[in-house]
Each structure stands twice: as C-alpha cells, then as structure tokens.
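Please open the structure in the viewer and keep the selection tool at hand. The tour below proceeds stop by stop, stating at each one what to select and what is found there.

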Amino acid sequence: MTDNLKSYLDQIRACRLCEHEMRRAPNPVLQVSGSARILVAGQAPGNLADVTGTPFNDPSGVRLRDWMGVTEAEFYDSSRVAIVPMGFCFPGNDEKGGDLPPMKRCAETWRAGLLAQLPDLKVSILVGGYAQKWHLGKRAGTSLTETVRNWKAFTSERMITIPHPSWRNTAWLKRNPWFDADVLPELRRAVRDALDS
C-alpha cells in the first residue's frame, strides 16, 4: 500500500462528517489495497458489518460470494478485492427494519479520490441502485431492473450491474430468472479472469 493510499484511508477512518446525522458513532467499514483487481461497490455496511468491522459479514455476503463464485478467503483478500460502499458507515434502519440509504456526503467527499488510487482494477461490480447511479450517471436506467437488464452495455468498461444480494430481493430474483441465467455466468467469468490475471 502506498503512503498516499494509507494516508487517505486514515482520513476516511477518522471521518466524522455525518456524525450529527447518525444514530450510532461513525465506523467506516471498507476493504482496500492498491493492488486490488476487483471492486465491489455496494451501498453501505449493514448492522453486522458495523458491529464486526467486516464488510458483507451477513447472509447477503454469503449470497454475493456465491454469485461471484469466490471463496470467503478470496473475497476477504484485500490485495485482490476492494470493498468500497457508497457510504462507509451503517446508516441505521428505517421503520420497516430495512437499511436507510447511504449518507450522500460520503461518496461526495471520498469516493473519486479513493478510486483514483486503485489503478489495477479489472472489474467493478456495481451492487444495487446507489452504486449504479454514481458509477453510471445518466446511463443508469430509471429502475434497478432496467439497469441490471442492460448489463451488457457496461461490460466493455469492465462494470457489471447486479441487485443487492439481500434476502429482501429474493422475490425480485424469482421474477427475473434471466439474472441467474445470463448475468451470473458473466459475473463469475469476469471475477475469475480478474483474480487469475
């Protein structure tokens, strides 16, 4: 890890910009190395990730690793996989028990500068609408389904669009069997190619 990246990560981990808007103390959770080949761009750490300090340390992480075709050891190898959510801290829960949206200030403040220090990325996995809108801008569809269905449009830029692997999206997966049939094989191939390069 370069001194610049280490210093930048130290600043991120010390960030308190959203403290007055949060129900819990800020606790940035991310996994980064300058040599990472794969970017997992999610939305924000969940409750278990916040408590343990480990990203995707929950059932959605199990599903995501299955989708990617990687072992837990491969997924948590920071020299190969960067996990950089749109918001680095757990945003809290809404009245229905779902996670609140990631804090916008986080990406506005830190994201571009951090990604600029990851020169070896071979593939970026855009997990959910927040990451897709940030990375794709106006090219993102009007819905997550539209953006994910249009996944081939972004593969030339080494980006793959997927829904969040939360159990809350199980019904979406059942309604959209093309995701399993078409997107997952390409996701697994791209991930394996990046890991083996």
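Helices and strands are here DSSP runs, helices of at least four residues and strands of at least two, numbered from the N terminus. The model is predicted.

**First stop: a loop before strand 4**

Select R158, which lies in the loop between helix 7 (144-149) and strand 4 (159-162). The phi of R158 is positive, about 60°, although R158 is not a glycine. As a rule, most residues other than glycine have a negative phi. With a relative accessibility of 45%, R158 counts as partly exposed.

**Second stop: the sheet**

Display the strands next. Four of them form an open sheet in the order 2-1-3-4, with parallel pairing. At its edges are strand 2 (81-83) and strand 4, each of which pairs on one side only. From one strand to the next, the twist averages 15°.

Now select strand 3 (residues 123-127), which runs parallel to strand 4 and is joined to it by four bridges. Strand 1 and strand 3 likewise pair in the parallel sense, over four bridges. To follow individual partners, select S124: this residue is the bridge partner of L39, and it also stands opposite M159 in strand 4. Further along, V127 stands opposite I162 in strand 4.

How many of the residues of strand 3 are buried? Five of its five residues are buried, and the strand is mostly covered. Colouring the two faces separately shows the arrangement: V123, I125 and V127 lie on one side, S124 and L126 on the other, and all are buried.

**Third stop: helices across the sheet**

Add helix 3 (59-68) to the view. Helix 3 lies across strand 1 (38-41), strand 3 and strand 4, and runs at about 140° to strand 1. Then add helix 6 (residues 129-136), which also lies across strand 1, strand 3 and strand 4 and runs at about 130° to strand 3.

Within the range of helix 6, select W134 together with R111. R111 lies over the face of W134, at 5.3 Å from the ring centre.

**Fourth stop: aromatic pairs**

The structure holds six aromatic pairs. One of them is formed by F56 and F75, whose ring centres are 6.2 Å apart with 80° between the planes, an edge-to-face arrangement. F56 lies in the loop between helix 2 (47-52) and helix 3, and F75 in helix 4 (residues 72-75), so the pair ties together parts that are 19 residues apart in sequence.

Are these two rings buried or exposed? The cut-off for buried is a relative accessible area under 20%. F56, at 12%, is buried, and F75, at 0%, is buried as well. Keep F56 selected and inspect its backbone: phi is near 55°, a positive value in a residue other than glycine.

Select W172 and F179 next. Their ring centres are 5.9 Å apart and their planes stand at 70°; planes over 60 degrees apart count as edge-to-face, so this pair is edge-to-face. Both W172 and F179 are buried.

Finally, extend the selection to W67 and W178. Which residues do ring pairs link into a cluster here? The cluster consists of W67, W172, W178 and F179.

Terms used: Residues are numbered from 1 along each chain as its sequence is written. This is a predicted model: local features need pLDDT of at least 70, side-chain atom pairs count only at pLDDT 80 or more; totals for chains, interfaces and linings use all residues. Side-chain values use heavy atoms; hydrogens and water are left out. Rings of Phe, Tyr and Trp (its six-membered ring) pair if their centres lie within 6.5 Å; planes under 30 degrees apart count as stacked, over 60 as edge-to-face and the rest as tilted. Buried means under 20% relative accessible area, exposed over 50%, partly exposed in between (1.4 Å probe, protein chains only). A charge sits over a ring if NZ of Lys or CZ of Arg is within 6 Å of the ring centre and within 35 degrees of the ring normal. Two strands pair if DSSP finds at least two bridges between them. Axes are lines fitted to C-alpha atoms, for helices over the stretch in contact, and angles run from 0 to 180 degrees between N-to-C directions. Contact means heavy atoms within 4.5 Å.
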